[in-house]
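Biologist: Got a minute to go through this one with me? Please put it on the screen.

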Amino acid sequence: MKLGRLNHVGVATPSIDQSIATYRDLLGAEVIGAPFELPAQGVRVCFVDTPNSQIELIEPLGETSPIAKFLENNPLGGQHHVCYEVPDIHEAKAWFEAKGARVLGEPRIGAHGTPIFFIHPKDMGGVLTEIMETPKAAH
């Protein structure tokens, strides 16, 4: 298994609209995607492009969203996860599991339309880590 580039940093927010204004007005972000919902994951997301990666803004879609729980402990929001690309999601899952890492669930389609899974933060130095199959258009 070969770890690829850092794809994005996930940032939980109580308001995507306010966060977009911050990234645009304070940080000078110029390319900001339109927010969209991922009901299966209980979130609304938006991607902010940076020169070498993206910021994924994540807002809960309701009280049962995993982001709602995160915001209970971090009401202003904050870094939620980091996401790395891999060439093959199933190979990566098997590799992490063979190393004893706790993979959280089966691969599913993420916000980029490509398969993802998460690794438990206790196995990654306290950082929730998303593993994402490199989008085919990126090859």
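Biologist: Where is His 8?

Modeller: His 8 sits in strand S1, residues 6-12. Bear in mind that this is a predicted model.

Biologist: Is His 8 buried or exposed?

Modeller: Buried, because its relative accessible area is 1% and the cut-off for buried is under 20%.

Biologist: Which side chains make polar contacts with the side chain of His 8?

Modeller: Glu 56 is one of them, at 3.0 Å. His 81 is another, at 3.2 Å.

Biologist: And what is His 8 in contact with, leaving aside neighbours within four places in sequence?

Modeller: The list includes Phe 47, Ser 53, Gln 54, Val 82 and Cys 83. His 112 and Glu 130 are also among the contacts.

Biologist: Next, Thr 13. Where is that?

Modeller: Thr 13 is in the loop between S1 and H1. Thr 13 counts as buried, because its relative accessibility is 4% and buried means under 20%.

Biologist: What does the side chain of Thr 13 make a polar contact with?

Modeller: The side chain of Ser 19, at 2.7 Å. A polar atom of the Thr 13 side chain also lies 3.0 Å from the backbone oxygen of Ser 15.

Biologist: Which residues beyond four places in sequence is Thr 13 in contact with?

Modeller: Ser 19 again, then Leu 57, Ile 58, Glu 59 and Pro 60. Leu 71 and Gly 77 are in contact with Thr 13 too.

Biologist: Leu 71 is in H2, right? Which residues of H2 are buried?

Modeller: Ile 67, Ala 68, Phe 70 and Leu 71 are buried in H2. They are on the same side of H2, because they cover an arc of only 160° around the axis.

Biologist: Why would residues spaced like that point the same way?

Modeller: An α-helix has 3.6 residues a turn, so residues three or four places apart point the same way.

Biologist: What covers the buried residues of H2?

Modeller: The cover includes S1, S3, S4 and S5.

Biologist: And which exposed residues are on the face turned away?

Modeller: Pro 66, Lys 69, Glu 72 and Asn 73.

Biologist: What caps the N-terminal end of H2?

Modeller: Ser 65 does. One of its side-chain oxygens lies 3.1 Å from the backbone nitrogen of Ile 67.

Biologist: Switching to pockets. What volume does the largest pocket have?

Modeller: About 260 Å³. It is lined by 17 residues, and the closest to its centre are Gln 41, Pro 66, His 80, Arg 108 and Phe 118.

Biologist: Which elements each supply at least two residues of that lining?

Modeller: Strands S3 (43-49), S4 (54-60), S5 (78-86) and S7 (115-119), plus helix H2 (66-73).

Biologist: How does the lining split by class?

Modeller: Ten nonpolar, four polar and three charged residues.

Biologist: Now Ala 29. Where does that lie?

Modeller: In the loop between helix H1 (16-26) and strand S2 (36-38). Ala 29 is buried, with a relative accessible area of 14%. Leaving aside neighbours within four places in sequence, Ala 29 is in contact with Tyr 23, Arg 24 and Val 48.

Biologist: Last one, Glu 97. Which helix holds it?

Modeller: H3, residues 89-98. Glu 97 is partly exposed, at 39% relative accessible area. Its side chain makes a polar contact of 2.8 Å with the side chain of Lys 93.

Biologist: How far apart are Glu 97 and Ile 119 in space?

Modeller: 9.6 Å, C-alpha to C-alpha, and 22 residues apart in sequence.

Key. Residues numbered from 1 in each chain as written. Predicted model: local features only at pLDDT ≥ 70, side-chain atom pairs only at ≥ 80, totals over all residues. Heavy atoms only, no water. Helix = DSSP H or I, 4+ residues; strand = E, 2+ residues; numbered from the N terminus. Buried < 20%, exposed > 50% of the residue type's maximum accessible area, 1.4 Å probe, protein only. Polar contact = N/O pair within 3.5 Å; in protein donor to acceptor, adjacent residues only side chain to side chain. Contact = heavy atoms within 4.5 Å. 1 Å grid on protein atoms, 1.4 Å probe; cavity = no way out; pocket = protein on both sides within 12 Å on 5 of 7 lines; lining within 4 Å. Points joined across faces, edges and corners; volume = space filled by probe spheres on them. Nonpolar A, V, L, I, M, F, W, Y, C, P; charged D, E, K, R; others polar. Arc of directions from axis to C-beta.
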